[in-house]
Amino acid sequence: MIEIEGVSLSHRGTPILHEVSLALPKGELTALIGPNGAGKSSLLSVVARLQPLQSGSVAVDGLPVDRTPSRELARMLTIMRQDTGFAGRLTVRELVGFGRFPHSRGRLTDEDRERIDEALALFDLTALAGRDLGTLSGGQRQRAFVAMAFCQGTDYLLLDEPLNNLDMMYARQMMRLLRKVVDRRGRTVVIVLHDINYAAAYADRIVAMKDGRIVAHGPPNDVLTVGRLEQLYGYRMQVHRIDGRTMIRHHD
Ligand SMILES: Nc1ncnc2c1ncn2[C@@H]1O[C@H](COP(=O)(O)OP(=O)(O)OP(=O)(O)O)[C@@H](O)[C@H]1O
Ligand SMILES: [Mg+2]
């Protein structure tokens, strides 16, 4: 479980997160939604310790992240950032192999190599394994970064907008894969998404943020109401339930 208690964050006096408290149970897929600037990436960064904790507490499986050695944390939790930045001269296989670093410290074992091959295959990257990242399309590169995070083999996987640049086929495949990782391997996935329909279709729970606060938290059908979505995004959209699942349509 990820337990966030009273976390506030500010940058040079500007408040970004206000007393955020949230518990994310193990073995679920949580979608973090909300408008640009809501604080989604900031919250994930604090949980993954990319940002130092300023106030409040964050614990993963009971371990406080600000007092857990990096190497130990890296075996429990991984984050894929929204702006990955990339070294163009790195091959896809090398990048995915970085995910094994907390385990192998740079000396890959046979098991590490097996995990790398598995991640490459899962994310449909085997044919691209020898290519430099700089030569890939945006969506191919995005898949390589998610594969690296997956390859780390942690129980907790935080992914900031992993569907960026993916076409419809790969976006669907990515969501199905993440669902499988949760259902079959008991992993915990927290994913920032802008596409509400994907959140509704694949997430166990949705956390909605606005202005550095959590404004709603619960199963998709409870969170995704006309009023709530208008509060979040500032306009009215149509909310349909089709086969028990929420779907959003936009008025013209
Ligand atoms: N290093 C920083 N210095 C100053 N302000 C920052 C910094 N990082 C983030 N912010 C501000 O904090 C707020 C929340 O940013 P954050 O990146 O967490 O939003 P987000 O919900 O991930 O948005 P998006 O959907 O656009 O990715 C924004 O107003 C942003 O400008
Ligand atoms: Mg963001």
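This passage looks at a magnesium site and at several salt bridges in a predicted model.

A good place to begin is the magnesium ion (ligand 2), whose protein donors are S41, through OG, and Q82, through OE1. These donors lie 2.0 to 2.2 Å from the ion. They bring together distant parts of the chain, 41 residues apart: S41 sits in helix α1 (residues 40–47), while Q82 belongs to the loop between β6 (77–80) and α3 (92–98). S41 is partly exposed, with a relative accessible area of 24%, and Q82 is likewise partly exposed, at 37%.

Turning to charged side chains, the model holds 12 salt bridges. One of them pairs D112 with R100 at 2.9 Å, N to O. D112 is found in helix α5 (residues 110–122) and R100 in the loop between α3 and α4 (101–104), so this contact ties together parts that are 12 residues apart in sequence. Both partners count as buried, D112 at 3% relative accessibility and R100 at 2%.

Helix α5 also carries a salt bridge between E111 and R115, at 3.0 Å from N to O. The two residues are four apart in the helix, a separation of about one helical turn. E111 is partly exposed at 42% relative accessibility, as is R115 at 30%.

A further salt bridge joins R185 and E118, again with an N to O distance of 3.0 Å. Here the link spans 67 residues, from R185 in helix α7 (residues 168–185) to E118 in helix α5. R185 is partly exposed, with a relative accessible area of 42%, and E118 is partly exposed at 28%. Elsewhere, K26, D61 and D155 form one network through salt bridges that share partners.

Definitions and conventions
Residues are numbered from 1 along each chain as its sequence is written. Chains are lettered from A and ligands numbered from 1 in the order in which they are written. This is a predicted model: local features need pLDDT of at least 70, side-chain atom pairs count only at pLDDT 80 or more; totals for chains, interfaces and linings use all residues. Side-chain values use heavy atoms; hydrogens and water are left out. Donors are N, O and S atoms within 2.8 Å of the metal (3.2 Å for Na, K and Ca); water is not among the atoms, so sites may look incomplete. Buried means under 20% relative accessible area, exposed over 50%, partly exposed in between (1.4 Å probe, protein chains only). A salt bridge is a side-chain nitrogen of Lys or Arg within 4 Å of a carboxyl oxygen of Asp or Glu.
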